[in-house]
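Me: I should like to go through this structure with attention to the terms applied to it. Please set each value against its criterion before drawing a conclusion.

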Amino acid sequence: MAASLSRPCFISLHLPYRQGWGQHLANTFRFQPVAVRETPRVRQVALQRESAIFLVNERLAPASTSSRDFLYDIDPQPTLGTASNVCFEVDDVPGLCKRLQSQGCSLLVPPTELRDDAGSVTYGVVSSIVGNISHTLLDRSCYRGLFLPGFQPIQGAPSATGDGIKITHFDHITYVCPRGRARAALDWYQRCFGFHRFLLNPRERPAEGYVLGGQGVGMLLLALQSAQGTPAHGCKLVFAESLSQNGTNQVDTFLEQHGGAGIQHVGLCTTDIVSTTRALQQRGARFFTPPTTYYSQGGKAEEIRGAGQDPHMLAELGILLDTTVPGDKGRPGTDATESPSQEYLMQIFTHPIFSEETFFLELIDRRGAPGFGEGNIRALWKAVQVYMDQQQ
Ligand SMILES: O=C(O)C(=O)Cc1ccc(O)cc1
């Protein structure tokens, strides 16, 4: 039987020696430092915005032979910044670790109990079959502390209320896989962790996945949904694979610069993308913006107005909007004669966070639409293409 995982507890970012990035996440993206663990060799800081937590892991000294410097994780020994671990909360860590091992997974940290005055937690770490990605499996049901044993709460962190930033949770995590490998990754997460298939778009054919072709785009997307939680609330995993003949695109560039498969971006769910984007831009966050023609061509302005949004405002900030109408072919449980109440989603993507063109963040504001916008993905793809051409 596969495990039943819910939303991620935290996503771990690792930085090579002497590349402070924790401050950037804290200052620019206004994630609040809530807990810290520091040893002579490493610093681990938990940065939080509602239920989205990044654990930022930095080396304070050159890498040692000990692979256990980082608590609740392994050391991916990065030569560049990388998001290499996703921690899921589970009920039975030893039982799940045993089952995963019997399915051929490597156990990198066996079930381990840690305690402090606020109780105890049990965790283990397993490797996935995708690039450098590992998973920490954590049971914190017997823990009442702020974060985890081994970490000290950070007192007096600036308040996150009233700053216009409304980020609530991790919406999805997008992996980049080498060509021909996304399907195996999908199968692995279904088999081992009990994720369910999730169709990204009404036009997706389950056997093929969601193929975006034409107009310079070439990508295959496959997605899963955590077993617990509804499409609107659980976390999704998206697997992207390049189908492009031309190697200078977002997906192939990731593989090349990251040195293999891994986490390309994390979608942060926001309840107000306009105020959140504005606040983050004011703090220096940089976003990809589509060409202005995006808002004027093909009835986009009407589509945006029809969704109740202001095209000028979205254009000023660079926010993308895609609508889906219930009753679209392929959507179960809808009656084509119903009045079409519109579902839509708005997205915006940051520039790469680290010095390489690898990991980035996304803001996603879902107004009833659980999938992903084809128009938005195409607009991002093109905006990145322009950006990469300018960098060359
Ligand atoms: O739209 C999203 O957030 C996705 O996750 C789909 C996606 C996948 C890979 C890309 O390079 C760009 C977009």
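Me: What is the volume of the largest cavity?

Reply: In this predicted model, the largest cavity has a volume of about 180 Å³. The structure holds three cavities of 30 Å³ or more.

Me: Why is the term cavity used, and what is a pocket by contrast?

Reply: A cavity is a set of points where a 1.4 Å probe fits but cannot get out, whereas a pocket is an open set. The largest pocket has a volume of about 380 Å³.

Me: What makes a residue part of the lining of a cavity, and which residues lie nearest the centre of the largest cavity?

Reply: A lining residue has an atom within 4 Å of a point. The largest cavity is lined by 19 residues, and Thr174, Met219, His265, Ile377 and Leu380 lie nearest its centre. By class, this lining has 12 nonpolar, six polar and one charged residues. Helix α9 gives the most to the lining of the largest cavity, with three residues.

Me: How is the lining of the largest pocket divided by class, and which element supplies its largest share?

Reply: The lining of the largest pocket divides into five nonpolar, five polar and five charged residues. Its largest share, five residues, comes from α9. Among the 15 lining residues, Tyr294, Gln297, Lys300, Gly375 and Lys382 lie nearest the centre of the pocket.

Me: Why is helix α5 described as largely enclosed by the rest of the structure?

Reply: Buried means under 20% relative accessible area. Seven of the 10 residues of α5 (residues 273–282) are buried, so the helix is largely enclosed by the rest of the structure. The buried residues are Ile273, Val274, Ser275, Thr276, Thr277, Ala279 and Leu280. Their cover includes α1, β10, β15, α8, β17 and β18.

Me: What makes the approach of Asp272 to Val274 at the start of α5 a polar contact?

Reply: The distance criterion is a pair of N or O atoms within 3.5 Å. A side-chain oxygen of Asp272 reaches to within 3.3 Å of the backbone nitrogen of Val274, so the pair falls within that limit.

Me: How do you know that Gln250, Gln347 and Glu362 make polar contacts with the ligand?

Reply: Each pair is set against the limit of 3.5 Å. An oxygen atom of the ligand is 2.8 Å from an N or O atom in the side chain of Gln250. For Gln347, a polar side-chain atom lies 3.2 Å from a ligand oxygen, and for Glu362 the corresponding distance is 2.5 Å. The three pairs therefore meet the criterion.

Conventions: Residues are numbered from 1 along each chain as its sequence is written. This is a predicted model: local features need pLDDT of at least 70, side-chain atom pairs count only at pLDDT 80 or more; totals for chains, interfaces and linings use all residues. Side-chain values use heavy atoms; hydrogens and water are left out. Buried means under 20% relative accessible area, exposed over 50%, partly exposed in between (1.4 Å probe, protein chains only). Helices (H or I, at least four residues) and strands (E, at least two) are DSSP runs, numbered from the N terminus. Contact means heavy atoms within 4.5 Å. A polar contact is a pair of N or O atoms within 3.5 Å; within protein, one must be able to donate a hydrogen and the other to accept it, and residues adjacent in sequence count only if both atoms are side-chain atoms. On a 1 Å grid over the protein atoms alone, a cavity is a set of points where a 1.4 Å probe fits but cannot get out, and a pocket is an open set with protein on both sides within 12 Å along at least five of seven lines; lining residues have an atom within 4 Å of a point. Grid points are joined across faces, edges and corners, and a volume is the space filled by probe spheres set on the points. Ala, Val, Leu, Ile, Met, Phe, Trp, Tyr, Cys and Pro count as nonpolar, Asp, Glu, Lys and Arg as charged, and the others, Gly among them, as polar.
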